[in-house]
Structure formats: C-alpha cells, structure tokens
Amino acid sequence: MHIVELPTDLYGKESVPEERPVDLLTSAVHVKEGGLVYDYAWYPGMNSGRPETCCWIASRQHEPIQLWDAFTGGLRCSYKGYDQFDEVEAALSLAFAPIDGSTIYGGYKKSIKSFDINVPGRESSSWRTKSTASCMAIASSMPDTILFGSWNRSISALDARSGECLPVGNYAPENSHTAGVTWIRFAPDTEELFVTGARKDPKIMFWDVRNLSQPVQTLARTCATNQRIYMDFSPGGQWLISGDTRGILHAWNLHEKDEAGRPKELLFPLHWDCLNGVSFHPHGPIMATASGQYHFPHSVTNQDMGDGEPAAASEAVMEPAAKESRVENSLTMWWIGGGVFSEQ
C-alpha cells in the first residue's frame, strides 16, 4: 500500500499554468503486505492538522482488518472477525460509519460484522447473510441501512437494527447485473440514489431507495475484465466518472441530458491500458486515475511465424503480451479546473 502526497504548490490553487512541469511522485509511506489487499477505507474524520485522525483501514488475505497510521505507516491495531469455526477470517469489503467513523463495518463471505473503532479485537455485532458482501455502501442519512453487493449478482439492503435483509432488483436481465457486483456508491447530492457496477458487465445501474424493484436508469461502459472498475461522483454530485478496459474515462453530466434523454456523456482517452481506478479530490479541482491489469503471455509457434510446420509444445516460443497491447501501471493526477469538465 502506498501513500503519495500532492505537490504543495497545488494547494488552494484555482488554475495551473500549462508550462508547469509534470511531477514524478514517489511514495511518502509504503506498507508492504504479504498477500492480496482486498479493500481499504480512509477514516472519514481525517485532518492532517490532527495526526491522531490520519489513518486508514485495510483488509488483506488471511488477515484481520488492520488500522494503519498515515504519517508513519505503522500498524495501530487490528479488528478480528471470526467465522463459524471461531477462526479469524479476512473481510472482503470495508466501510466506516459515514457520520463520525466510530464504527467499522466488514463484509465477509456469509456475514457483515461491525467493530467499535475504539475497541480493537473481536466484533461488536454480526449479521448473517445468504451471500458474500463483496462491496458495501452506507448513506449518512440512513446510517442503519447497509447496502451490499455480492459475487452471485445479488444486491441487498440490510437493516442493522432488525437484521432484516431486503433484495434490490431481481435476476431478470433488465433488473440485475450479469456478473458479480463489485461497486456501490451513493450520490452525494441526493442520497436517495445509488449506483452499482459489476465485473465483466458493461452496465452501470442507478437505483432509488424508495423503489428497489428495478433500476431507474442504466448507463454503459466497456468492462471486459474481472477487475473492480471504480466509479466516483464529483463532490457536488453533478458528474459521475468511470474507467473502462480500453483506458477511456467516461464522464456523465447528471444535470444535463442529451437528445435521447440520457445524461450527457464525455469520453477522454487517458491511458493505454485498463483504466480501473478513478477518484475526485474532495476539495480541489483534481482527479486521480489508476491503470493496469495482468497480461497473460501468449505462445507463438513456428507455424505462426510462417514456417509451414506446426511446432511441438516444447518448441513454442513465449512472447510478452506487451507486443500486442501497451502495458501501463500508473497512478496519474489530473488538473480538471473549476468547471470540472468541459467540451474542450
């Protein structure tokens, strides 16, 4: 896990000169993990002027939820979720209580657990679920309702007070995703709407919490990978952005419609490889994008090279996939200006 600091000359700026050189940033904090990092979340009350609030939680393979110090990269404490055999299991998704961050929620294979941030150790509450909680979202206006998606294509709403679980949509093609749900996010301007996305599924679906039977709108992107392709809303809720596997950024203006009555869409070819991560800066006119994916090598036989005779399996020549498509693994920050996006 890496923490990268923004250049100080961008703080509080309303514009950046075109001749400004591009900074090559290095990690200010680097935490080496021994396994896959499943999910992470920043403490919502973080303030750089108060070092005790500068922290984040992360979950990785075969490990409990861990709280990390953003200044030193040191481990502060751990929160352990236990399965039915009373063994520690890893959380697959994470979320903080949206109002004050006093509670940590972890999504597991067959449960959702909550932890008091001030009391490390075992969970304080647990709710059994019929499906894996692969992603979660909680609205500040509904702190007792946890929306979570699953790898079996289902979306559910859990009431933390009663433990009741309500389905969102159904398995009909027009009312569900075609693969595992990997992303849920509430619109910040109106927390009545939330958006979902899935792996290897081009659909981005908008839902209204007042009518969970069917989506209110569906948008499209190119998603041909099992990766989690992130989405994000601009702080005011006007824009929704998402990457795709072609390296193109999709930006929808939710306050402006096109001729077909759909949100106006702008496309920006930003990367050579899969654009999987997108994020708006919460206060400044800056957007971050991340690119990269695993490329499988392909075998080239003598026949492929024009010899006329097929080669034995042992004679196959392995060529890197980069000769077919450019490989790019990067974190890039873009200055988007006061207007956020424009036709130019």
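**Group meeting: strands, rings and a few loop residues**

In β14, Met142 is the bridge partner of Ala139. I start there, with the hairpin around that bridge. What we have on screen is a predicted model, so please hear everything that follows in that light.

The hairpin is made by β13 and β14, with two residues between them. The two strands run antiparallel and are joined by four bridges. As background, strands of a sheet pair through backbone hydrogen bonds, either parallel or antiparallel.

Now to the burial of β13, residues 135-139. Five of its five residues are buried, so strand β13 is largely enclosed by the rest of the structure. In a regular strand the side chains alternate between the two faces of the sheet. For β13, both faces are covered. Cys135, Ala137 and Ala139 are buried on one side, and Met136 and Ile138 are buried on the other.

Next, a sheet further along the chain. Four strands form an open sheet here, and the order is β21-β22-β23-β24 with antiparallel pairing. Its edge strands are β21, residues 231-233, and β24, residues 263-269, each of which pairs on one side only. On average, neighbouring strands in this sheet are turned by 20° against each other, direction ignored.

Within that sheet, β23 covers residues 248-257 and is joined to β24 by seven bridges, with the two strands antiparallel. One position to look at is Trp252, whose bridge partner in β24 is Glu265.

Staying with the sheet, I move to Ser242. This residue is in strand β22, residues 239-242. Is Ser242 buried or exposed? The relative accessible area of Ser242 is 0%, so it counts as buried. Its side chain makes a polar contact with the side chain of Arg221, at 2.9 Å. Leaving aside neighbours within four places in sequence, the residues in contact with Ser242 include Arg221, Ile204, Tyr230, Met231, His250, Trp252 and Val278. So Trp252 comes up twice, as a contact of Ser242 and as the partner of Glu265.

On to the aromatic residues. A search of the whole structure finds nine aromatic pairs, and I will show two. In the pair of Trp42 and Trp56, the ring centres are 5.7 Å apart and the planes stand at 55°, so the pair is tilted. That pair links distant parts of the chain, with Trp42 in strand β3 and Trp56 in strand β4, 14 residues apart. The two rings differ in exposure: Trp42 has a relative accessible area of 38% and is partly exposed, whereas Trp56, at 4%, is buried.

The other pair is Phe194 and Trp207. Their ring centres are 6.5 Å apart and their planes are at 15°, so this pair is stacked. It too links distant parts of the chain, from Phe194 in strand β18 to Trp207 in strand β19, 13 residues apart. Phe194 is buried at 1% relative accessible area, and Trp207 is buried at 0%.

Going back to the tryptophans for a moment, Trp42 and Trp56 belong to one aromatic cluster with Trp68.

Two rings have a charge over them. The charged end of Arg122 sits over the ring of Tyr82, 4.1 Å from its centre. Lys113 lies over the face of Tyr108, and there the distance to the ring centre is 5.5 Å.

Last, the loops. Thr53 is in the loop between β3, residues 37-42, and β4, residues 55-60. With a relative accessibility of 5%, Thr53 counts as buried. A polar atom of the Thr53 side chain lies 2.7 Å from the backbone oxygen of Arg50. Apart from neighbours within four places in sequence, Thr53 is in contact with Tyr43, Gly45, Met46 and Asn47.

Which loop residues have a positive phi without being glycine? Arg153 is one of them, with phi at about 80°. Arg153 lies in the loop between β14, residues 142-149, and β15, residues 155-159. At 26% relative accessibility, Arg153 is partly exposed. Lys200 is another, with phi near 50°. Lys200 lies in the loop between β18, residues 193-198, and β19, residues 203-208. Its relative accessibility is 48%, so Lys200 counts as partly exposed. Those flanking strands, β18 and β19, are the ones that carry Phe194 and Trp207.

That is what I have for today.

Note on methods:
Residues numbered from 1 in each chain as written. Predicted model: local features only at pLDDT ≥ 70, side-chain atom pairs only at ≥ 80, totals over all residues. Heavy atoms only, no water. Buried < 20%, exposed > 50% of the residue type's maximum accessible area, 1.4 Å probe, protein only. Polar contact = N/O pair within 3.5 Å; in protein donor to acceptor, adjacent residues only side chain to side chain. Contact = heavy atoms within 4.5 Å. Pairing = 2+ DSSP bridges. Axes fitted to C-alpha atoms, helices over the stretch in contact; angles between N-to-C directions. Phe/Tyr/Trp six-rings, centres within 6.5 Å; stacked < 30°, edge-to-face > 60°. Lys NZ or Arg CZ within 6 Å of the ring centre and 35° of its normal.
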